[in-house]
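Open the model in your viewer and keep the sequence panel beside it. Each stop below says what to select and what is there.

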Amino acid sequence: MVNDANARNVKLSIELGHSWVDVALANAPFAADINIWRQQGHALGAHHHGVTHPDFDGYTDTLLPARVGDMTAFKEKMETLLGELQFGGLDEAETDWPCLVPMRTMGGIGSVNIVSEPSFATVNHYPVWQISHMYIQNIAEIILLKNAHQNALPSQVVGAVTHVWNYAADPALCTDWW
């Protein structure tokens, strides 16, 4: 995905979950690739699945038996690979937003999340800027994204999100738009 984006001069905002950090720290070539992505101008942030997500990652400020660590531990772990966090897509943000992460990405399925005006909010007692995104699942949504991009105002952000496995299954969902 990153190579295809580079070939089209597209800069990605890549959110990595804590398991990607584990893989990268155990695999020097992968960690080197991540650093190269940063040098190429891609933005790197954190991705977290909170307690209500079916794939809860174990980090929360809520005391639970299944808790791996609190959000300070999550942030510290992410920063071992990514450096100081500048943004993140974090479920349960109202209770689990880590201190000093200035930008929040949020959204999900549905066209209501395609276009947003960056807005300032207080999340879990911390000031953050917020933008939204839409999860890309099919070609009809790419058409919606293209139209939204063409009609967006200069002050607006058009956001799209996918996963590496979605991209691998059908790169054209992104590359046709780029």
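In which helix is Leu-173 found? Select residues 172–175: this is helix H8, and Leu-173 is in it. Bear in mind throughout that the model is predicted.

**Stop 1: Leu-173**

Is Leu-173 buried or exposed? Its relative accessible area is 10%, and under 20% counts as buried, so Leu-173 is buried. Now show the residues that Leu-173 touches, leaving out those up to four places away in sequence: Ile-136, Gln-137, Asn-138, Ile-139 and Ile-142. Take Ile-136 from that list and draw a distance from its C-alpha to the C-alpha of Leu-173. The two are 37 residues apart in sequence and 7.7 Å apart in space.

**Stop 2: strand E7**

Go next to residues 126–135, which form strand E7. Seven of its ten residues are buried, so E7 is largely enclosed by the rest of the structure.

Which strands pair with E7? Begin with strand E4, residues 103–108. E4 and E7 run parallel and are joined by six bridges. To see one position in this pairing, select Met-106, whose bridge partner in E7 is Ser-132.

Then select strand E6, residues 119–123, which pairs with E7 in the antiparallel sense over five bridges. Here Phe-120 has Trp-129 in E7 as its bridge partner.

Add strand E9, residues 160–161. E9 pairs with E7 in the parallel sense, over two bridges. Look for Tyr-135, which stands opposite Val-161 in E9.

**Stop 3: the turn between E6 and E7**

The hairpin of E6 and E7 has two residues between the strands. Select Asn-124, found in the loop between E6 and E7. What is phi of Asn-124 near? The value is near 50°, which is positive in a residue other than glycine. Asn-124 is buried, with a relative accessible area of 15%.

**Stop 4: Leu-100 and Lys-75**

Another residue with a positive phi is Leu-100, at near 70°, and it too is a residue other than glycine. Find Leu-100 in the loop between helix H5 (93–96) and E4. Is Leu-100 buried or exposed? Leu-100 has a relative accessible area of 63%, and over 50% counts as exposed, so the residue is exposed.

From Leu-100, move to Lys-75, which is placed in helix H4. Lys-75 is buried, with a relative accessible area of 14%. Leaving aside neighbours within four places in sequence, Lys-75 is in contact with Leu-85, Pro-98, Cys-99, Leu-100 and Val-101.

**Stop 5: helix H2 and its partners**

Two packed helices are described by the angle between their axes and the distance between the axes. Keep H4 (residues 71–82) on screen and add helix H2 (residues 18–26). H2 and H4 pack at an angle of about 40°, with their axes 9 Å apart. That angle makes H2 oblique to H4. The crossing of the two helices is left-handed.

Which residues meet here? From H2, show His-18, Val-21, Asp-22, Ala-24 and Leu-25; they meet Phe-74, Lys-77, Met-78, Thr-80 and Leu-81 in H4. The residues of this contact divide into six nonpolar, two polar and two charged.

Now hide H4 and show helix H3, residues 28–39. The axes of H2 and H3 come within 5 Å and cross at roughly 115°. On the H2 side, select Trp-20, Val-23, Ala-24 and Ala-26, which meet Ala-28, Phe-30, Ala-31 and Ile-34 in H3. The residues of this contact are eight nonpolar, no polar and no charged.

**Stop 6: strand E1**

In a regular strand the side chains alternate between the two faces of the sheet. For the last stop, select strand E1, residues 13–16, and show its side chains. Which residues are on its covered face? They are Ile-14 and Leu-16, while Ser-13 and Glu-15 make up the uncovered face.

Finish by adding strand E2, residues 43–48. E1 and E2 pair in the parallel sense over four bridges. One position to select is Glu-15, whose bridge partner in E2 is Gly-45.

Definitions and conventions. Residues numbered from 1 in each chain as written. Predicted model: local features only at pLDDT ≥ 70, side-chain atom pairs only at ≥ 80, totals over all residues. Heavy atoms only, no water. Buried < 20%, exposed > 50% of the residue type's maximum accessible area, 1.4 Å probe, protein only. Contact = heavy atoms within 4.5 Å. Axes fitted to C-alpha atoms, helices over the stretch in contact; angles between N-to-C directions. Parallel < 35°, antiparallel > 145°, perpendicular 65-115°, else oblique. Left-handed = near helix turned anticlockwise from the far one by under 90°. Nonpolar A, V, L, I, M, F, W, Y, C, P; charged D, E, K, R; others polar. Pairing = 2+ DSSP bridges.
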